[in-house]
Amino acid sequence: MLYQTTKDHESLRQAIREFAENEIKPIAFALDQNNEFPDEIVKKIGENNWMGLPYSKKDGGAGLDVISYAIAVEELSRVDGGVGVILSAHTSLGAYPVEAYGTKEQKEKYLVPMAKGEKIGAFGLTETEAGSDASGTQTTAILEGDHYILNGSKIFITNAPKADIYIVFAVTTPDIGTHGISAFIVEKGWEGFTFSDPYDKLGIRSSTTAELHFNNVKVPKENLLGQEGQGFRIAMQTLDGGRIGIAAQALGIAQGAYEAALKYARERIQFGRPIAQQQSIAFKISDMATQLRAARFLVYSAAEMKHNELRYSVEAAMAKQYASDVCMKIVDDALQIHGGSGYMKGMDVERFYRDAKITTIYEGTNEIQRLVISANLIGRMPKSKKSAGGVAAKKAEPITGVRKREMIQTDTAQEAVDILVENLKKDGFDFTVGIDLNTPIVDSDRVVSVGKGIGSEDNMELAKQLAHAAGASIGASRPVAESMYLLPLERYIGMSGQKFKGNLYIALGISGAVQHLKGIKDAGTIVAINNNPGSAIFKNCDYGIVGDLNEIMPLLIEAFGTEEKKPAPPMKRIRKAKPRKLAPAYGVYVCTGCGYEYDPELGDPEGEIDPGLTFENLPDNWECPECQTVKADFIEEKYPADRQ
Ligand code: CAA
């Protein structure tokens, strides 16, 4: 194992350092503030032939070794951790699987433009149910003729939506564990392949991260990467290399923070001398330098082993875990050395402090790295029965739980609106009553909520009229409040915002990013209106209409009624009948007061109703056993013809 870098390595470092200092450093603060992807910088990195450093010249790369690649990520991250991960995710997660498993044609079509920097690559493994347990993949790819039909979603995908080429993992054979997962090369722009808005992150804000949504995406058979069933292995092998990239990123961020702290400590005078000459600070600096040296050895050693085609999974895990753990320590000490100045926006060390954290999380949390290392030392831990071979063991369930998912398809928008409003009334909603538009979301029985699909501020007035007509308060998705400033921040709904637990949620032009859906998972009824039939919101709604908001909003206002609303009674949760695939043999009746569903198989022992009596045959004076609502106020749950 050599740890010495060569002259060539050091001249590459020099070139990239100059580039980073001259081109990235001056704009790093602005990129961070604006959450902005540096298109021009990435283009120049490609023109410098650094986007495919470890790939052969024949494949469009620079023909250098893995240490060269690690140095590149390190040097970019020394100035901006976001730019570092753009290169890392592109090179080791986007391009590598094609280099390792691609056919000649796949390499020509995809690896060459990626290695030349003409196209950006990304890697789609993580899902809501497949994080550390990567085997929990629920995205499916079903072979139909010459194409696989891809359905599902991926979250936290680095370089999305900027990347052009995505390596996507999906289940091709269910119920056989990791051996049922396959890898595919998927191009941006294919029909049914859409993105969420990029996330607003704590750090690495110059890189983009977004969700991928696949709605019946046709992936040509020839875009299967490797063999069917080889996907999990491809993912694991790719991540081994990716972890070297993240280790190098952590090393670079730590190096940047260390250098800033050293400079500051030499300049800052307290008690009559530079703080660097005071032992408490000097010892911190010496620890930082030692940790950096140890981390660098681990990173270059793993890179060298990969380059020499030795087994390096454990060494990559050690490098990633150690470099990122000490990175956290070093940025913390560096900020401490800067004192109050380091806490200010615009100081590099403040940005490094935020950028560092992700390195202990992505491409395998440091807990997973320890699991990989210990499994190699001690042997694999026994798996719980629940997770053993758990691929898609649990059927994919929408984030908002089981929903009716009734898509209202009619010839005209007017007909769709009429059916929707009729259904809602049948479900027990009374549109003669209403709440104030500004009722806090948590106290709202109903919310009309707007997403980016609302378009411009001009349409907000219409949305508010609709909220009034529906007897609802007004809410929004995060970007509408945060970036479009159409509503105050306290009115956005989502994982990081308000949680809606009322009875009716009408989502207008909301695509259904995971973060938003988590804020409405306890909503009683979800109505989705969006012009994109592939929007994830439709998999999470009770009623859906595909259509243009400009056309549908005025119709809905009319249908709900523009009259002054009577004050709504205090919010009472309307529980819904259990969604069933098929209507049961008996009529299903639900209490409008509390949502209790009468089950003839159980009867009502407290009301002295024997099992076997149908709802229709209950005595007229029978009352709901849970809230004493009278029989006449129960509503029948209707099932569409295809579910009878
Ligand atoms: N190389 C090749 N094959 C490997 C492998 C490796 N490093 N590790 C495991 N495998 C193979 C095993 O040999 C086994 O094959 P067989 O069934 O044929 O024997 C198969 O994969 C399953 O192995 P395990 O039973 O050990 O797998 P597991 O389900 O227990 O998972 C794990 C192991 C290490 C926890 C894995 O799930 C894992 O790495 N999890 C973390 C996932 C991760 O890193 N996600 C990051 C997402 S990407 C990202 O973050 C990108 C970004 O933003 C920049």
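**Figure 1. Phe-271 sits in the loop between β9 (269-270) and β10 (273-274).** Helices and strands are DSSP runs numbered from the N terminus (H or I over at least four residues for helices, E over at least two for strands). The model is predicted, so local features need pLDDT of at least 70 and side-chain atom pairs count only at pLDDT 80 or more, whereas totals for chains, interfaces and linings use all residues. Residues are numbered from 1 along each chain as its sequence is written, and side-chain values use heavy atoms, with hydrogens and water left out. Take a look at the backbone here: Phe-271 is not a glycine, yet its phi is positive, near 50°. With a relative accessible area of 77%, Phe-271 is exposed (buried is under 20%, exposed over 50% and partly exposed in between, with a 1.4 Å probe and protein chains only).

**Figure 2. Glu-309 is another residue with a positive phi, here about 55°, although it is not a glycine.** You will find Glu-309 in the loop that runs between α7 (279-307) and α8 (313-338). Its relative accessibility of 72% makes Glu-309 an exposed residue.

**Figure 3. The peptide bond between Ala-160 and Pro-161 is cis.** Omega for this bond is about 5°, a value worth checking in your own viewer. Pro-161 belongs to the loop between β3 and β4 (165-171). Strand β4 also holds Val-171, which is buried at a relative accessible area of 4%. From the C-alpha atom of Val-171 to that of Leu-225, 54 residues apart along the chain, the separation is 13 Å.

**Figure 4. The ligand is surrounded by 25 residues.** Ser-132, Thr-158, His-179, Glu-363 and Lys-383 are the closest of them (a residue is near a molecule if one of its heavy atoms lies within 4 Å of it). Sorted by class, the shell contains ten nonpolar, nine polar and six charged residues. In this scheme Ala, Val, Leu, Ile, Met, Phe, Trp, Tyr, Cys and Pro are nonpolar, Asp, Glu, Lys and Arg are charged, and the others, Gly among them, are polar. Strand β3 (147-158) and helices α6 (231-267) and α10 (366-378) each provide at least two residues of the shell. Helix α6 gives the largest share, with seven residues. The ligand lies between domain 2 (121-230) and domain 3 (257-376), because both give residues to the shell (domain bounds come from an automatic or database domain assignment).

**Figure 5. Ser-132, Asp-240 and Arg-380 meet polar atoms of the ligand.** On the backbone side, a polar atom of Ser-132 is 2.7 Å from a ligand nitrogen. The side chain of Asp-240 places an N or O atom 2.8 Å from a nitrogen atom of the ligand. For Arg-380, the partner is a ligand oxygen, 3.2 Å from an N or O atom of the side chain. On its own the ligand has 1,100 Å² of accessible area, and the protein covers 79% of this (areas come from the Shrake-Rupley method with a 1.4 Å probe; for residues, only the protein chains shown count as cover).

**Figure 6. Ser-449 makes side-chain contacts from strand β13 (residues 446-450).** Ser-449 is buried, at 0% relative accessibility. Its side chain joins that of Tyr-505 in a polar contact of 2.7 Å. The Ser-449 side chain also reaches the backbone nitrogen of Ala-476, at 3.2 Å. A polar contact is a pair of N or O atoms within 3.5 Å; within protein, one must be able to donate a hydrogen and the other to accept it, and residues adjacent in sequence count only if both atoms are side-chain atoms.

**Figure 7. Ala-62 lies in the loop between α2 (39-47) and α3 (66-79).** At 12% relative accessible area, Ala-62 is buried. Trp-50 is twelve residues away along the chain, and its C-alpha atom is 7.1 Å from that of Ala-62.

**Figure 8. Gly-94 is part of helix α4 (residues 81-101).** Gly-94 is buried, with a relative accessibility of 1%. If you zoom out to Asp-436, 342 residues apart from Gly-94 along the chain, the two C-alpha atoms are separated by 50 Å. For wider context, the protein has 15 helices and 20 strands, and 55% of its 644 residues are buried. Along the principal axes, its C-alpha atoms fill a box of roughly 90 × 65 × 45 Å.
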